[in-house]
Amino acid sequence: MDTEIIQEIDVQSVMTKSSLPVGGYSVNPYVGCPHACKYCYASFMKRFTGHTEPWGTFLDVKHWKPIANPHKYDGERIVIGSVTDGYNPYEAEFRNTRRLLEELRGTQAELMICTKSDLVLRDLDLLKQFPKVTVSWSVNTLDEEFRADMDRAVNIERRLKAMRQVYEAGIRTVCFVSPIFPGITDVKAIIEEVKGYADLIWLENLNLRGQFKGGIMAYIHEKHPALFPLYEEIYNHKKLDYWKALEKEISSYAAQQGFPYRVNDLPYGRSEKGKPVLVNYFYHEKIRLNR
Ligand code: SF4
């Protein structure tokens, strides 16, 4: 692990009313994320927390007062890990995410966990005690070399194995194909791989803005030069043709395979085994307005 700056901090509360489209609360038991994904939009967090170190090299371990009235969250959706990974490798030692689950145990809260780790398996005993739980793993490639270029989380094989185990334990799973790298992410190959143990497949385009745009463009230029003109077209000239074509391709693939296909939606419930629901979160508003 290359995360060098670990500090423990006191916070009033760990629960934050969410501004995410999925609503409810978002909970981040840590500040920073050792997974250090090169495309991490959460790196903007540095601005609000006074950190000047490179993203991925620091981690604040939050200490909060025990949640006073956990039943306040009955029926609420709680997203764990919107700007950190609650199952980053340091969770094995600090157990903050586990503590949070213990404090919420007995409530009717709906949990949504976003991770790139298999450490979540440790908490299956607790997760099974909640009425509604969804665990999503981000998988945007089956190519381990590209994966290792992009993040320091566990390898894809471990993520998929964890997804299968959680699915088999009766918990709803999501394969979050995000971010989709034009010309690199093979969406259909990933769906084929996970369709037997993912209830939902979420699809999200790579969005390049802010600090990390330069790094990603330089990476494409160096490692995938043949794709560079495409990236320029999409990210410098704001052309949406690639996404429109991919959307069309995936929706007809879904129809052929008999996979339900939704746009910008968050359906609830388990899916029929082998028939995951595909949910498209591309630049929907722009694509649709342009039609
Ligand atoms: S796992 Fe998520 S929060 Fe952590 S660095 Fe990667 S994208 Fe950011």
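**Close-up 1. Here are the buried residues of helix α3, which spans residues 96-104.** In this predicted model, the buried residues of α3 are N96, T97, L100, L101 and L104. Those residues sit on the same side of α3, because they cover an arc of only 145° around the axis. What do the buried residues of α3 pack against? The list takes in strands β3 (25-27), β4, β5 and β6 (77-80), plus helices α2 (91-94) and α4 (124-127). Just after α3 comes G106, and its phi is positive, near 95°.

**Close-up 2. This one shows an open sheet made of three strands.** Reading across the sheet, the order is β1-β5-β4, and the pairing is mixed. Which strands form the edges? They are β1 (5-11) and β4 (30-31), each of which pairs on one side only. Now look at β4 and β5: β5 covers residues 58-64, the two strands run antiparallel, and two bridges join them. To find a bridge for yourself, start at V31 and go to its partner in β5, D60. Both β4 and β5 also turn up in the first close-up, as they are among the elements that the buried residues of α3 pack against.

**Close-up 3. Here we look at the residues around the ligand.** Going along the chain, you meet C33, H35, A36, C37, C40 and A42, then V83, T84 and D85, and finally K116, D151 and A153. How many residues of each class does the shell have? Seven are nonpolar, two are polar and three are charged.

**Close-up 4. Helix α7 takes up residues 187-194 and has buried residues of its own.** They are I190, I191 and V194. Why do they line one face of the helix? Seen down the axis of α7, they fall within an arc of 100°, so one face is where they end up. The cover over these buried residues includes helix α6 (156-168) and the strands β9 (172-180) and β10 (200-205).

**Close-up 5. The last view picks out L230, a residue of helix α9 (residues 228-236).** L230 counts as partly exposed because 16 other C-beta atoms lie within 10 Å, and a buried residue would need 20 or more. Which residues is L230 in contact with, leaving aside its neighbours within four places in sequence? The answer is P182, G183 and Y242. For a sense of scale, try F282: L230 and F282 are 52 residues apart in sequence, and their C-alpha atoms are 17 Å apart in space.

Conventions:
Residues numbered from 1 in each chain as written. Predicted model: local features only at pLDDT ≥ 70, side-chain atom pairs only at ≥ 80, totals over all residues. Pairing = 2+ DSSP bridges. Helix = DSSP H or I, 4+ residues; strand = E, 2+ residues; numbered from the N terminus. Buried ≥ 20, exposed ≤ 12 C-beta atoms within 10 Å, placed from the backbone. Arc of directions from axis to C-beta. Contact = placed C-beta atoms within 7 Å. Near = placed C-beta within 6 Å. Nonpolar A, V, L, I, M, F, W, Y, C, P; charged D, E, K, R; others polar.
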